[in-house]
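Here are some quick notes to go with the model. Have it open while you read; I'll start with one residue and work outwards.

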Amino acid sequence: GLSDNKVNTLVYPNPTKDVFNVRCEGLRKIEVLNAYGQLVMTKEEKTDHLQIDLSNQSEGVYLLRLYTDKETITRQSIKNKY
């Protein structure tokens, strides 16, 4: 099961065509990496909601590293043409 200290995180829509939303309590920084592990975007902003625009990136799988006040969370997002 999930422990009580885990931060509630949501990435949507997933898959996405261009832009996706990240909801995460206490978010401080997000890094977006492509399937090759290359860093394609970094945003540093203390917020609970961010929009990430991947319109200038190719289709594929992306890893999101979310840095919060409590922990680092990794999520996956898929960009496709639909």
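1. Let's begin with Ser-77, which counts as buried because its relative accessibility is 0%. Bear in mind throughout that this is a predicted model. You'll find Ser-77 in strand 5.

2. What does Ser-77 touch, leaving aside residues up to four places away in sequence? The list is Val-11, Asn-14, Thr-16, Phe-20, Gly-60, Val-61, Tyr-62 and Leu-64. Keep Leu-64 in mind, since that residue comes up again in the core.

3. Just before strand 5, have a look at Glu-71, in the loop between strand 4 and strand 5 (72–79). Is Glu-71 buried or exposed? Its relative accessible area is 17%, and the cut-off for buried is under 20%, so Glu-71 is buried. Glu-71 is also 9.6 Å from Gly-26, C-alpha to C-alpha, with their positions 45 residues apart in sequence.

4. Now the overall layout. The protein chain has five strands and zero helices, so to speak a plain β-β-β-β-β order when read from the N terminus. Of the contacts with a separation of 6 or more, 49% join residues 24 or more positions apart.

5. On to the core. The largest nonpolar core has 16 residues, and Val-22, Ile-52, Leu-64 and Leu-66 touch the most other members. At least two residues of this core come from each of strand 2 (19–33), strand 3 (39–53) and strand 4 (60–68). Strand 2 gives the most, with six residues. As a general point, nonpolar side chains in soluble globular proteins tend to be buried together.

6. Val-22 deserves a click of its own. Not counting residues up to four places away in sequence, Val-22 touches Leu-10, Val-11, Leu-27, Ile-30, Asp-48, His-49, Leu-50, Ile-52, Leu-64 and Leu-66. Notice that Ile-52, Leu-64 and Leu-66, listed with Val-22 for touching the most other core members, are among these contacts. Val-11 and Leu-64 also turn up among the residues that Ser-77 touches.

7. What about the size of the thing? The radius of gyration is 12 Å, which agrees with the value near 12 Å that a compact globule of 82 residues would have. Along the principal axes, the C-alpha atoms fill a box of roughly 35 × 25 × 20 Å.

8. Last, burial, surface and charge. Of the 82 residues, 34% are buried. The accessible surface comes to about 5,300 Å², with 45% of that belonging to carbon and sulfur atoms. There are 12 positive and 11 negative charges, and their mean positions lie 3 Å apart.

Notes: Residues numbered from 1 in each chain as written. Predicted model: local features only at pLDDT ≥ 70, side-chain atom pairs only at ≥ 80, totals over all residues. Heavy atoms only, no water. Helix = DSSP H or I, 4+ residues; strand = E, 2+ residues; numbered from the N terminus. Rg over C-alpha atoms; globule rule 2.2 N^0.38 Å. Buried < 20%, exposed > 50% of the residue type's maximum accessible area, 1.4 Å probe, protein only. Contact = heavy atoms within 4.5 Å. Areas by Shrake-Rupley, 256 points an atom, 1.4 Å probe, with all protein chains shown as cover. Lys, Arg positive; Asp, Glu negative; His and termini not counted. Charge placed at Lys NZ, Arg CZ, Asp CG, Glu CD. Core = buried A, V, L, I, M, F, W, Y, C linked by side-chain atoms within 4.5 Å.
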